[in-house]
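Pull up the model and have your selection tool ready. We'll take a short walk through its charged pairs and one nonpolar spot on its surface.

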Amino acid sequence: MFHHPIHVEFEDIDSYGIIHHPKFFYYMERTRCAFLMQNGIDIRTGKINLGLVLRNIQINIKSQVEMFDNLDVELETSDISKYRFNFIYTFKRDGKTIATGSTEMVYIDLATKRLIAIPEDQVKLLKSIEKENA
């Protein structure tokens, strides 16, 4: 499991004083990018000829988030196959789950924009945070 801290800022809050729901998607992106970068995966466009792209996204909000909350986002993987896998996100505040989400991901060749098999080194990395009983 990979952990990534998020601090909810003033700009993340809507007129009701709670988190603006699209911010969860941004937090998922930050967590995913942090995991890849901290594990030596250069995600900058043009540095490599493959891209990791989102195919599907889902979020389930169980409890509201307010300004200046500190969140811990837990990241795991599931359903790793030859061509796709899921990132599973668990948002926690003070150890309690407040939201869950998932993104289905695929790799593409950046030159052709066509689907490719997940590279073996990436499979190994993804399996290192695979959710138990997934």
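What follows is a tour of some salt bridges and then a surface patch. Keep in mind as you click around that this is a predicted model.

Let's begin with the charges. How many salt bridges does a search of the whole structure find? The count comes to seven, and a few of them deserve a visit.

Start with Glu74 and Lys92, whose side chains form a salt bridge with an N to O distance of 3.4 Å. Glu74 sits in strand β3 while Lys92 belongs to strand β4 (residues 84-93), so this contact ties together parts that are 18 residues apart in sequence. Is Glu74 buried or exposed? With a relative accessible area of 10%, Glu74 is buried; the cut-off for that label is under 20%.

Stay on strand β3 and look at Glu76. Its salt-bridge partner is Lys131, with the closest N and O atoms 3.5 Å apart. Because Glu76 is in β3 and Lys131 is in the segment after α2 (120-127), the pair ties together parts that are 55 residues apart in sequence. The two ends of this bridge get separate labels: Glu76 is buried at a relative accessible area of 12%, whereas Lys131 is partly exposed at 33%.

Now hop over to Glu104 and Arg84. Their side chains meet in a salt bridge as well, at 3.1 Å from N to O. This one also links distant parts of the chain, with Glu104 in strand β5 (residues 96-109) and Arg84 in strand β4, 20 residues apart. Glu104 counts as buried, since its relative accessibility is 15%, and Arg84 is partly exposed with a relative accessible area of 27%. Which residues are linked in a network of salt bridges here? Arg55 joins Arg84 and Glu104 in that network, so select the three together if you want to see how they are arranged.

Leave the charges behind and turn to the surface. Phe10, Met67 and Phe68 make a nonpolar patch there, covering about 340 Å². Where is Met67 found? Look in the loop between β2 (50-61) and β3 (70-78). That second strand is the β3 we met earlier, home to Glu74 and Glu76. Met67 is partly exposed, with a relative accessible area of 34%. Why can Met67 be part of the patch? Patch members need over 30% relative accessible area, and Met67 has 34%, so it passes that cut-off.

Note on methods: Residues numbered from 1 in each chain as written. Predicted model: local features only at pLDDT ≥ 70, side-chain atom pairs only at ≥ 80, totals over all residues. Heavy atoms only, no water. Patch = residues over 30% accessible without salt bridge, like charges linked within 9 Å, V, L, I, M, F, W, Y side chains within 5 Å. Areas by Shrake-Rupley, 256 points an atom, 1.4 Å probe, with all protein chains shown as cover. Salt bridge = Lys/Arg side-chain N within 4 Å of Asp/Glu carboxyl O. Helix = DSSP H or I, 4+ residues; strand = E, 2+ residues; numbered from the N terminus. Buried < 20%, exposed > 50% of the residue type's maximum accessible area, 1.4 Å probe, protein only.
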